[in-house]
Number of protein chains: 2
Amino acid sequence: MELTPVMEKFIVRWGEMGGTWGINRASAQIVALLYLSEKPITAEEISETLSIARSTVSTDLRELQNWGVVKVVHVLGDRRDHFETLVDPAEFFRVIVRERKRREIDPLVQALREGVVEAGGREAFVRDRMRDMLEFFEILTGVYDRTEDIPTSLLLKMAKQMGQLPLKTALKIAQLGDGLGESLKRLVK
Amino acid sequence: MELTPVMEKFIVRWGEMGGTWGINRASAQIVALLYLSEKPITAEEISETLSIARSTVSTDLRELQNWGVVKVVHVLGDRRDHFETLVDPAEFFRVIVRERKRREIDPLVQALREGVVEAGGREAFVRDRMRDMLEFFEILTGVYDRTEDIPTSLLLKMAKQMGQLPLKTALKIAQLGDGLGESLKRLVK
DNA sequence: CGGTAATTTCGGTATAGACCGAAAAGAGAG
DNA sequence: CTCTCTTTTCGGTCTATACCGAAATTACCG
């Protein structure tokens, strides 16, 4: 597969970002390539196009499949596996967030819960600090959980609408404070 | 400074997480220690307590100050700098998000804009894919921008309220779709 | 202006983890 | 069953970067 300069630039940059997102560079590049590809491609082809060792491609594809961002596709009359990635960026993003929450946030919350108990009354200050931290994460995951059951397309529309609100309006909504919950419920009645 | 087992556990875990969040372990541990400390402490003390080289502490404190999560405090009659961190987890979190957006998302968006132009009509498929990606990030940053001007305390209250909504209600709100914007505007009138 | 306490700079080392390539394992086809 | 194509496993390097310690710099005191 031949890469145009535009494609190459995108893939390189995407790869760089991968590192900071808990995905290694090679994996990120693979996803980028699949994302730009019109049809599913083989591991061999990925390896050649990106100059990544065949074995690395194999390992990383496996990892990406575990994450649920890459799928195998079979082509009639071809023994080789062909791969494709999610085409909807939002879908892709959700997977990343979901996984990172599961791997990083959830264990932390668990640890904080235990810590608060262990600190007990004996270390009141430490306990309170940990409790604050815990409370914050619980609020955060609370909001996240609300989004879990909403289809991506709807979520996107929501985000779009919210992003287009005048700043003033956004602020006013925030100022509803504790009344916000009730207001929203009334809104959909 | 003496660490209790509870404190140590928290600091270690926090340090581990730091790596995956674009903050190195030492820096993350330093923040954790400061977070658990009742009063500002010196670099020397941090170095001893965490067994991190004095120079590393210095470098990392500088970095953390740049990020805006650590501040210097001066104690009367003491030439040494004392350090403290933000006490509000939400505040802390906002700083992290703001910085990462600036360092990672913004440049990517910029690159995508350029890429879309360069791809032009000649590489329609690639251009469309990049355009999709760009559009997604623009929606995302749009929502984020709306939150930037809202004080943390309000934002937290908002989050809390949203997290406590029944799933059904959350879904209904999402289903307002394109009407959501107008509904929200009416809500605050 | 010394002198000392405190901080920062900087070159070198250690370490984690990504990546490679050879070899093993697996999967059809004849 | 064996031969070939494909994928996976695994031990060894290679690389980025975190971290260290000595030396330089800065800040402040008497």
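Start at the surface near DNA strand C and select helix H4 of chain B. H4(B) gives the largest share of that surface, five residues. Keep in mind that this is a predicted model.

Now widen the selection. Two or more residues each also come from H2 and helix H4 (54-67) of chain A. In total, 17 residues surround DNA strand C. The closest are A:Ala53, A:Ser55, B:Arg54, B:Ser58 and B:Asp81. Colour the surface by class: three residues are nonpolar, seven polar and seven charged.

Which part of DNA strand C faces the protein, sugar and phosphate or bases? Of its atoms within 4 Å of the protein, 65% belong to sugar or phosphate and the rest to bases.

Zoom in on single contacts with DNA strand C:

- Select A:Ala53. A polar backbone atom here is 2.7 Å from a phosphate oxygen of the strand.
- Select A:Ser55. Its side chain places a polar atom 2.6 Å from a base oxygen.
- Select B:Arg79. An N or O atom of its side chain is 3.4 Å from a base nitrogen.

Move to DNA strand D. Here, too, 17 residues surround the strand, and the closest are A:Arg54, A:Ser58, A:Asp81, B:Ala53 and B:Ser55. Of the strand's atoms that come within 4 Å of the protein, sugar and phosphate account for 64%.

Which helix gives the largest share of the surface near DNA strand D? Select H4(A): five residues come from there. Helix H2 (25-36) and H4 of chain B each supply at least two residues as well. By class, this surface has three nonpolar, seven polar and seven charged residues.

Zoom in again, now on DNA strand D:

- At A:Asp81, a backbone N or O atom lies 2.9 Å from a phosphate oxygen.
- At B:Ala53, a backbone N or O atom is 2.7 Å from a phosphate oxygen.
- At B:Ser55, a polar side-chain atom sits 2.7 Å from a base oxygen.

Next, show both protein chains. A turn of 180° and a shift of 0.0 Å along the axis lay chain A on chain B, with an RMSD of 0.1 Å. The two copies are thus related as by a two-fold rotation axis. Look at the interface: 100% of the interface residues of chain A are also interface residues in chain B, so the copies meet through the same surface.

Finish inside chain A. Select helix H2 (residues 25-36) and helix H3 (residues 43-50). They pack at about 110°, with axes 11 Å apart. H2(A) and H3(A) are therefore roughly perpendicular. Show the side chains: A:Gln29, A:Ile30, A:Leu33 and A:Leu34 of H2(A) meet A:Ile46, A:Thr49 and A:Leu50 of H3(A). This contact has five nonpolar, two polar and no charged residues.

Terms used:
Residues are numbered from 1 along each chain as its sequence is written. Chains are lettered from A and ligands numbered from 1 in the order in which they are written. This is a predicted model: local features need pLDDT of at least 70, side-chain atom pairs count only at pLDDT 80 or more; totals for chains, interfaces and linings use all residues. Side-chain values use heavy atoms; hydrogens and water are left out. Copies are superposed by least squares on the C-alpha atoms of residues with pLDDT of at least 70 in both. Contact means heavy atoms within 4.5 Å. Axes are lines fitted to C-alpha atoms, for helices over the stretch in contact, and angles run from 0 to 180 degrees between N-to-C directions. Helices (H or I, at least four residues) and strands (E, at least two) are DSSP runs, numbered from the N terminus. Angles under 35 degrees count as roughly parallel, over 145 as roughly antiparallel, 65 to 115 as roughly perpendicular and the rest as oblique. Ala, Val, Leu, Ile, Met, Phe, Trp, Tyr, Cys and Pro count as nonpolar, Asp, Glu, Lys and Arg as charged, and the others, Gly among them, as polar. A residue is near a molecule or strand if one of its heavy atoms lies within 4 Å of it. A polar contact is a pair of N or O atoms within 3.5 Å; within protein, one must be able to donate a hydrogen and the other to accept it, and residues adjacent in sequence count only if both atoms are side-chain atoms.
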